[in-house]
Protein chains: 2
Amino acid sequence: MISKLAKSISPFYVMEVLERAQQLERKGINIVHLEIGEPDHNTDSQICKKAVSSIKSGDTKYTHSLGVAELREELSLFYKKKYNLSVCPQNVIITTGSSPALFLCFASILDPGDEIILTDPHYACYPQIIKIAGGVAKFVRIYEQEDFQIDVSRLKKLISKKTKAILINSPSNPTGMLVNNDVMEQLAELRIPIISDEIYHGLVYEGKEQSILEFTESAIVVSGFSKLYSMTGWRLGYMIVPDPYVRPIQKLQQNLFISANSFVQSSGIEALRLSDNKIKNIVGKYKKRRDIMVTGLRDLGFDIKKVPDGAFYVFINTKKINTNSYELAFDILEKSHVALTPGIDFGSGGEGYLRFSYANSVENIKEGIARLKKYIS
Amino acid sequence: MISKLAKSISPFYVMEVLERAQQLERKGINIVHLEIGEPDHNTDSQICKKAVSSIKSGDTKYTHSLGVAELREELSLFYKKKYNLSVCPQNVIITTGSSPALFLCFASILDPGDEIILTDPHYACYPQIIKIAGGVAKFVRIYEQEDFQIDVSRLKKLISKKTKAILINSPSNPTGMLVNNDVMEQLAELRIPIISDEIYHGLVYEGKEQSILEFTESAIVVSGFSKLYSMTGWRLGYMIVPDPYVRPIQKLQQNLFISANSFVQSSGIEALRLSDNKIKNIVGKYKKRRDIMVTGLRDLGFDIKKVPDGAFYVFINTKKINTNSYELAFDILEKSHVALTPGIDFGSGGEGYLRFSYANSVENIKEGIARLKKYIS
């Protein structure tokens, strides 16, 4: 009665951590949440105001299935300004978040059994979205000792006739690392379509993030407004695709989603127009938090070889405490009331690690570190 | 490079009609739009106000993957009040529209090659969403001479080991007909899970629509806020599923969509709380339009055996003018500037028909009929 596909989708352990944390909270216990990959601050009022005026003006109908023209044009301008890239508005497709964009992307390229190569560890949903689209995820291990960079010679060994794309994510969830430029270049030279999840672009504190489109035109960019603009609950994403993909993805979108929310799309235009100063403030705030988190964890004796460049995660090797990340996360939660994400959620390559999110206040980060100090001693 | 799946998705001819209509409009030609399945009036201000206050209060974060508890509870109350059904909030899942709800539903029950039985004609997207989920659509023809009712003995011949569900839609797009109670009963007796698309519930002018849950508990209801509440651009839908489906669908939702829009979900609560008077006004308006449309079409000589019960469509046999509905729709558009949906969009059983939507003003409906009168003579 339930499909094999649906049965085979693995749950996220972090949800179990979160649910247990909420249970403890209902008992009156204070929990420090360092498990959640969601900005803690509110959406900028300028964006909210645009949503309000759009709703009031009756901007509440289906839109063009590829998205509102003005938002697609604004994204084109944004890519020119930020990356000096010429992206044609016709190649921009607006979606209800970057997750459905990934699904549309996979469904447009994968026949049953076709393969996508991605890193291990990786964002938890990737292999599952690939599976739902009928494909197979192939993993190239990345290692802390190699700064979580992709070893392209290792990746090459996974390439087969069934390989339809390579999926990258820079800066990455869960490692926080940017993919190095020379790796991007080497990947582009493989002449295999690259799907680049750039959802954490903008949240970079060391170096500069580069779009895959700076290296090859034969790539699909998937991104959205959730992280940098703190618009998680709005559900607004987009993809930039080469010409041949536009029509197939449009047909999939028409059938599955009709269009993204109308007034949320209007608000997206406003997000892209936020002043450089506002963006600088957001980024500055995260950088400060990251530095406090990294310093705190180093003080606890954790060896952080390379400070993560972006996103809002630090991925910490905790094998010396417990090689089982699920057990460890629950033990810390029960004894010290700090919620963390077990590394196993990100693939077997993440086992023995915990992901610390610093999308939380400085005060909470400090409190979390203090509680961990007690836990360890 | 493009998957066989994506290539095999057929386009909607109505989109070609719409695009050509817009082209003519850019030339300054006035077009009467009777092709679009979208309410023409704005969302009620009470719903809009709730959205505005939710945005202002920072209700802009991810929600629970199954949806906001208060909306699920309000839907439970709504089903008690409207259908006298006891629906547990735990069985309600909130989605970004009824289209993704259908996909989640199919993905949760279909293994590759599994079958869903549905009517022909049918809503254009059904077979495609089934295909994207790896399934196969099997069609039972319905006929105007039988008031577009399902002949269950005919349907039974399609049942095989691969049949995973029967999909119904009452009132129906494109026919506007309710599924009769005795048909519902007979379908329920087949003991095959029924997926009931009840998106047009509330928009019923003759008789009373019944939820499939009044006949069997082994059913999935898919519905949403787009039609009755004129919330198409908001993207808010839901499904009511038996216990064993909740967790599998939740896992699919977490991976594909994370959650529906937070403040749109809050607004949905307000929609369900609209006064009976407001709903009566909306329904009364459509009834008036339907009657004008039906009278007008009958005056033109079209034989409408049974006046459609609900939704906002009249499905008209136009074979005496042209058996090719695509050709006819374009000819009417070019010569008379009335946009209509060719019946072929709804399956081969719809060929020779045109769908007239009365989700438009009385004035426009009258003007459309007047133009058609000239076209015919």
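Okay, let's start with how chain A is laid out: it splits into domain 1, covering 4-42 + 277-376, and domain 2, covering 45-272. Keep in mind that what you're looking at is a predicted model.

So how far apart are the C-alpha centres of domain 1 and domain 2 of chain A? They sit 25 Å apart. As for the contact itself, domain 1 of chain A puts in 35 residues, and domain 2 of chain A puts in 32.

Let's stay on the domain 1 side of that contact. Helix 1 (4-8), helix 11 (276-299) and strand 9 (313-317) of chain A are the elements giving two or more residues there. Helix 11 of chain A has the largest share, with 6 residues. And if you sort that side of domain 1 by class, you get 16 nonpolar, 11 polar and 8 charged residues.

Now, over to the two chains. How many residues does each one bring to the contact between chain A and chain B? It's 58 from chain A and 58 from chain B.

Have a look at chain B's side. The elements giving two or more residues to it are helix 1 (4-8), helix 3 (45-56), helix 5 (98-109), helix 6 (126-132), helix 9 (243-256) and helix 10 (262-272) of chain B. Which of them gives the most? That's helix 9 of chain B, with 8 residues. By class, the side of chain B that touches chain A comes out at 32 nonpolar, 18 polar and 8 charged residues.

If you want one thing to find on screen for each contact, try helix 11 of chain A for the domain 1 side, and helix 9 of chain B for the chain B side.

Conventions: Residues are numbered from 1 along each chain as its sequence is written. Chains are lettered from A and ligands numbered from 1 in the order in which they are written. This is a predicted model: local features need pLDDT of at least 70, side-chain atom pairs count only at pLDDT 80 or more; totals for chains, interfaces and linings use all residues. Domain bounds come from an automatic or database domain assignment. Two residues are in contact if their C-beta atoms, placed from the backbone, lie within 7 Å. Helices (H or I, at least four residues) and strands (E, at least two) are DSSP runs, numbered from the N terminus. Ala, Val, Leu, Ile, Met, Phe, Trp, Tyr, Cys and Pro count as nonpolar, Asp, Glu, Lys and Arg as charged, and the others, Gly among them, as polar.
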